[in-house]
Amino acid sequence: MTARAKLLGSVVLAATLVFALAGVQVADAVEVDSAFWDDDWSIHEPAINAIAAAGITKGCNPPDNDRFCPDRSVTRGEMAAFLVRAFELTGPNDSAFVDTTGHLFAADIAKLAANQITVGCGPPEAMTYCPDDPVSRGEMATFLIRILELSPLDTGPFVDTAFTVHRTSINAIAAADITKGCNPPDNDRFCPFQPVTRAEMATFLKRALDLPAVLNRLAIRESVSCNEELTVCSSTISIPAGRSFLVREGWYQALPATDAELDEFESATTDFRLTFDGNAVTTTLTTDSFSDRTERTWTSTPIKLTPGVHTLIGTWRWDGATNLTTTVTITSS
């Protein structure tokens, strides 16, 4: 695998096969196509898809808007847009803040101020909003309790909030199950001064609005184990009997790339192969070109599960050489 070539939808190479449940509603989740291609490795993907489906986010790279930039910090301007869309705030398009005139999010900021969700970023006489500054997790908590009209709480579960003015807001969103903390599995810290990422904000909004998780994938990444070289991996997953699933995996080639890299990437022996209970599964290859990458994706035919224990094996080959093999044990009942 060249330095520029990456496996699609993976957290450790492609140790996580990507399952798309075929026409199945899972628990409180609904199934849609993924809104963005750059969140496939994020634990926040169901929440990101949920706020996209609700019209709260449009993406981070207009006009294409096929990316969400999950790890990027949320700016105060973006926060205003998220909240205005999420809670359908109305109001004037102009505000008294002196630093938002002509800003992309000026109208959203004005509505946020008109609804008394923000008083700005400095002393009242300064009349500034700081639209391009990042929002801390503590500030985000205060935005949310104002818009949700939650009562501040003096006590809470976190050990690192004593010295922030947002302490009572953080305690309130914890009590409302909007946050669980920043250091799983202990989750005894909130990291109030840390910038909130766009992915985290998606999860905060999903919980605040009680949106259904939007699962276009049933991923196995949480239980995967691999050898030290990350060439052989295994995992287990449960899918109810009678349901169908398909597997979608592949590679992307970041651009620009050398002719040699493209030749390897486009080689017929750079592929993804799949077997189910020892039988080869038919896959269809699609190739998509974008401004910054080329993708080759193999999508399997739907596989319907009967009761029992099944073995699914995915093999990624790069220019004829096996790069990674993942074995998934599927229990179906």
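In what order do the 6 strands of the open sheet lie? In this predicted model, the order is β4-β5-β13-β12-β7-β8, and the pairing is mixed. The edges of the sheet are formed by β4 (225–226) and β8 (279–280), each of which pairs on one side only. Strands of a sheet pair through backbone hydrogen bonds, either parallel or antiparallel.

The sheet belongs to a protein chain whose secondary structure comes to 7 helices and 13 strands. Of the 333 residues in the protein chain, 48% are buried. Among contacts with a separation of 6 or more, 70% are between residues 24 or more positions apart.

Several neighbouring strands of the open sheet can be followed from pair to pair. Starting at the β8 edge, strand β7 (residues 271–276) runs antiparallel to β8 and is joined to β8 by 2 bridges. Within this pair, threonine 275 has alanine 280 of β8 as its bridge partner. β7 also pairs with strand β12 (residues 308–318), in the antiparallel sense and over 6 bridges. Here leucine 274 is matched with glycine 314 of β12 as its bridge partner. β12 in turn pairs with strand β13 (residues 321–332), again in the antiparallel sense, and 11 bridges are found between β12 and β13. Glycine 314 has a bridge partner in β13 as well, threonine 326. β12 and β13 form a hairpin with 2 residues between the strands, and in this hairpin aspartate 319 takes a positive phi near 50°.

A further antiparallel pair consists of strand β9 (residues 283–289) and strand β10 (residues 293–300), joined by 7 bridges. In this pair, threonine 286 stands opposite threonine 297 of β10. The connection from β9 to β10 is a hairpin of 3 residues.

Aspartate 66 lies in the loop between α1 and α2. This residue has a relative accessible area of 18% and is therefore buried, the cut-off being under 20%. Leaving aside neighbours within four places in sequence, the contacts of aspartate 66 are Ala35, Phe36, Trp37, Asn61, Phe290 and Arg293. For one of these residues, alanine 35, the C-alpha atom is 6.7 Å from that of aspartate 66, although the two residues are 31 residues apart in sequence.

Among the helices, α1 (residues 45–53) and α6 (residues 198–209) have axes that come within 8 Å and cross at roughly 65°. The two helices are therefore roughly perpendicular, and the crossing of α1 and α6 is left-handed. On the α1 side the contact is made by Ala47, Ile48, Ala50 and Ile51, and on the α6 side by Ala199, Ala202, Thr203, Leu205 and Lys206. By class, these residues comprise 7 nonpolar, 1 polar and 1 charged.

The pair of α4 and helix α5 (residues 167–175) packs at an angle of about 65°, with the axes 8 Å apart. This angle makes α4 roughly perpendicular to α5, and α4 passes α5 in a left-handed crossing. α4 contributes Gly138, Met140, Ala141, Thr142, Leu144 and Ile145 to the contact, while α5 contributes Ser169, Ile170, Ala172 and Ile173. By class, the contact of α4 with α5 has 7 nonpolar and 3 polar residues, with no charged residues.

α3 has Ala106, Asp108, Ile109, Ala110, Lys111 and Leu112 as its buried residues. These buried residues pack against α2 and α4 (137–148). Just after α3, glutamine 116 takes a positive phi of about 60°.

The loop between α2 (76–87) and α3 (106–114) includes leucine 89. With a relative accessible area of 13%, leucine 89 is buried. Apart from neighbours within four places in sequence, leucine 89 is in contact with Leu83, Val84, Lys111, Leu112, Asn115, Ile117 and Ile147. Asparagine 115 is 26 residues from leucine 89 along the chain, and the C-alpha atoms of these two residues are separated by 7.5 Å.

Note on methods:
Residues are numbered from 1 along each chain as its sequence is written. This is a predicted model: local features need pLDDT of at least 70, side-chain atom pairs count only at pLDDT 80 or more; totals for chains, interfaces and linings use all residues. Side-chain values use heavy atoms; hydrogens and water are left out. Axes are lines fitted to C-alpha atoms, for helices over the stretch in contact, and angles run from 0 to 180 degrees between N-to-C directions. Helices (H or I, at least four residues) and strands (E, at least two) are DSSP runs, numbered from the N terminus. Angles under 35 degrees count as roughly parallel, over 145 as roughly antiparallel, 65 to 115 as roughly perpendicular and the rest as oblique. A crossing is left-handed if the near helix is turned anticlockwise from the far one by less than a right angle, and right-handed if clockwise. Contact means heavy atoms within 4.5 Å. Ala, Val, Leu, Ile, Met, Phe, Trp, Tyr, Cys and Pro count as nonpolar, Asp, Glu, Lys and Arg as charged, and the others, Gly among them, as polar. Two strands pair if DSSP finds at least two bridges between them. Buried means under 20% relative accessible area, exposed over 50%, partly exposed in between (1.4 Å probe, protein chains only).
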